[in-house]
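Hi there,

Here is the structure I promised to pass on to you. Have a look at it first, and then read on for what turned up in it.

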Amino acid sequence: MIYVHELARAQQVAGAQVTVLAASTNRLESQPEYAATRTTIDGVSYIAICNRPVMLHDFWNPLREVHNPGFARVCDEIIQDWRPDIVHIHNFPGLSFDPIRLAKRAVANVIVSLHNYFPLCSRDD
């Protein structure tokens with residue numbers, strides 16, 4: 001997350017308005033699955049997706065890695081409200097590949113930076 005934060009700060013210095021949408025391990029009492037919280041750290045706006053049913057890979061429901069309807073609904077709402085010019089995706093485990101499809105539908109510029117081999121092989125060993 002440090003890399004993403006420093007990249008966001010550099011983009012702000014260059015004049016861009018930046019919001020980071022990130023998965024969170026936080027559990028929020030009496031909130032639904034995929035509850036979104038907002039915070040600002042060092043001037044960077046963050047939207048954290050909390051109360052996820054799995055933190056990383058869902059071994060008992062591997063299709064959730066491809067399409068996760070609960071997360072897709074929340075992600076789509078955020079993208080529609082946010083209306084970004086560019087979406088830069090950094091990681092997928094525990095969220096699904098839905099952000100790519102949703103971002104492509106809403107904006108023309110979608111970038112994916114791969115930090116591991118998960119999109120090719122979801123094995124943890």
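Please keep in mind that this is a predicted model. A good place to start is the largest pocket, which has a lining of 38 residues. If you want to find its centre on your screen, look for Thr19, Val20, Leu21, His88 and His90, the lining residues that lie nearest to it. Several elements contribute two or more residues to this lining: the helices α1 (2-13), α2 (69-82) and α3 (98-106), together with the strands β1 (19-23) and β4 (86-89). The space in the pocket comes to about 1100 Å³.

What kinds of residue make up the lining of the largest pocket? There are 28 nonpolar residues, joined by seven polar and three charged ones.

Next, try colouring the strands. Strand β3 covers residues 44-50, and six of its seven residues are buried, so the rest of the structure largely encloses this strand. You can follow its pairing with two other strands. With β1, strand β3 runs parallel, and five bridges join the two. One pair to pick out here is Ala23 with its bridge partner Ile49 in β3. With β2 (residues 35-41), strand β3 runs antiparallel, and this time there are seven bridges. Here you can find Ala35 standing opposite Cys50 of β3.

Strands β2 and β3 also form a hairpin with two residues between them, and Asp42 in this hairpin has a positive phi near 50 degrees.

Two further residues are worth a click for their backbone angles. Ser30 is not a glycine, yet its phi is positive, at about 55 degrees. You will find Ser30 in the loop that lies between β1 and β2. Asn51 is another residue other than glycine with a positive phi, in this case near 55 degrees. Its place is in the loop between β3 and α2.

Are these two residues buried or exposed? Ser30 has a relative accessible area of 73%, and because exposed means over 50%, Ser30 counts as exposed. Asn51 has a relative accessibility of 3%, and because buried means under 20%, Asn51 counts as buried.

If you would like a short route through the model, begin at Thr19 and His88 by the pocket centre, move on to the buried residues of β3, and finish at Ser30 in its loop.

Happy exploring, and do write back with any questions!

Best wishes

Notes: Residues numbered from 1 in each chain as written. Predicted model: local features only at pLDDT ≥ 70, side-chain atom pairs only at ≥ 80, totals over all residues. Heavy atoms only, no water. 1 Å grid on protein atoms, 1.4 Å probe; cavity = no way out; pocket = protein on both sides within 12 Å on 5 of 7 lines; lining within 4 Å. Points joined across faces, edges and corners; volume = space filled by probe spheres on them. Helix = DSSP H or I, 4+ residues; strand = E, 2+ residues; numbered from the N terminus. Nonpolar A, V, L, I, M, F, W, Y, C, P; charged D, E, K, R; others polar. Buried < 20%, exposed > 50% of the residue type's maximum accessible area, 1.4 Å probe, protein only. Pairing = 2+ DSSP bridges.
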